[in-house]
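Please look over the chain shown below before reading on. The report is meant for someone meeting this structure for the first time.

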Amino acid sequence: MPYALITGGSKGIGYAIAEALARRSFDLVLIARHPDALLEAKQILENKYNVHVQVYNCDLSKENSAINVAEFCMENNIDLQILCNSVGIGGSEDYLNSSLPDLQFMVALNIGAMMSLTMELLPLLKKNTPSYILNVSSMAAFAPIPMKNIYSATKSAILYFSYSLRYQLKKHKVSVSVLCPGPVFTKPEIEKVTIDQLGNLGKLMAVSPQRVGEIAVGGLLNKKLVIIPGVISKLMSAVIRVIPRRLITHIYYKMGNQKMK
């Protein structure tokens, strides 16, 4: 079987996507920063799904990381058919309260890694068409969020980059999809923050990582452009997208200020 490469593939949404692909008999390349988590994921997936899993320990926020990953794939003769850019970092830090190193790290990991890795691995994807790219964004991409403006800005960049790249690569038989989930409780602290901010609505919108992985891979292989897991999240995203940007930004700003009181 051809390979699927998943960044951030040892935990959370990345691991859920990897598992959904393994369930469909794709061999895998998992990229992450923590070697212990990578080896654990490799062992579980190989034993459970009888697939071959290669791992590469790498901090994708570093300048030459994408080049190193591409070299690893070429040296190991990886027949790459799917690239899943799922690595990223969240956070609720407002731009005015953030530090320069934190800002640079989020931009490098959320945007820089995705764009750089896609560029470096495109030659391999073009050799194994039809091939697929999945970029992981968020519902935060659909509107400016003043209290999380760095995060929402990076996720918007992923969304718009995916839209335009899809049309550029169509003639090369490389399909591009973008995953925009709402709340996904990958950690207890994420669940707590979501419920504190959104209350029962946050619970209703939440989708498990496993379900997100299944929906993401199903949409990817069906060449869907924007993939939004969950009925409530789909409805919310539709509403958010039709409200004028200025008004929705004002609403988010008021909501954020109320939570801080």
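The text below goes from the whole chain to its nonpolar cores and then to two buried residues.

**The chain as a whole**

The model described here is predicted. Its chain contains 10 helices and 7 strands, and of its 261 residues 48% count as buried. Among the contacts with a separation of 6 or more, 70% are between residues 24 or more positions apart. The chain exposes about 13,100 Å², of which carbon and sulfur atoms supply 56%.

**The nonpolar cores**

In soluble globular proteins, nonpolar side chains tend to be buried together. In this chain the largest nonpolar core has 49 residues, and the members that touch the most others are Leu 5, Leu 121 and Ile 133. Several elements each supply at least two residues of this core, including those in the table.

| Element | Residue range |
|---|---|
| Strand S1 | residues 3–7 |
| Strand S2 | residues 27–32 |
| Helix H3 | residues 65–75 |
| Strand S4 | residues 80–85 |
| Helix H4 | residues 100–127 |
| Helix H5 | residues 149–169 |
| Strand S6 | residues 174–179 |
| Helix H10 | residues 245–260 |

Helix H4 gives the largest share of this core, with 9 residues. Apart from this core lies another one, of 32 residues, and among its members are Cys 84, Val 136, Ala 216 and Val 217.

When residues up to four places away in sequence are not counted, Leu 5 touches Val 29, Ile 31, Val 69, Cys 73, Leu 80, Ile 82, Leu 83, Cys 84, Leu 117 and Leu 121.

**Two buried polar residues**

Asp 27 belongs to strand S2. Although Asp 27 is buried, it has no salt bridge, and Lys 42, the nearest side chain of opposite charge, is 9.8 Å away; a salt bridge would need the charged atoms to be within 4 Å. The side chain of Asp 27 does, however, reach the backbone nitrogen of His 52 at 2.8 Å. With neighbours within four places in sequence left aside, the residues in contact with Asp 27 are Met 1, Pro 2, Tyr 3, Ala 4, Val 51 and His 52.

Gln 81 lies in strand S4. Gln 81 counts as buried because its relative accessible area is 15%, and the cut-off for burial is under 20%. Beyond the residues up to four places away in sequence, Gln 81 touches Pro 2, Tyr 3, Phe 26, Leu 125, Asn 128, Pro 130, Ser 131 and Tyr 132. Pro 2 and Tyr 3 are thus listed among the contacts of Asp 27 and also among those of Gln 81.

Definitions and conventions: Residues are numbered from 1 along each chain as its sequence is written. This is a predicted model: local features need pLDDT of at least 70, side-chain atom pairs count only at pLDDT 80 or more; totals for chains, interfaces and linings use all residues. Side-chain values use heavy atoms; hydrogens and water are left out. Helices (H or I, at least four residues) and strands (E, at least two) are DSSP runs, numbered from the N terminus. Buried means under 20% relative accessible area, exposed over 50%, partly exposed in between (1.4 Å probe, protein chains only). Contact means heavy atoms within 4.5 Å. Accessible areas come from the Shrake-Rupley method with a 1.4 Å probe; for residues, only the protein chains shown count as cover. A nonpolar core is a set of buried Ala, Val, Leu, Ile, Met, Phe, Trp, Tyr and Cys residues joined through side-chain atoms within 4.5 Å. Lys and Arg count as positive and Asp and Glu as negative; His and the chain ends are not counted. A polar contact is a pair of N or O atoms within 3.5 Å; within protein, one must be able to donate a hydrogen and the other to accept it, and residues adjacent in sequence count only if both atoms are side-chain atoms.
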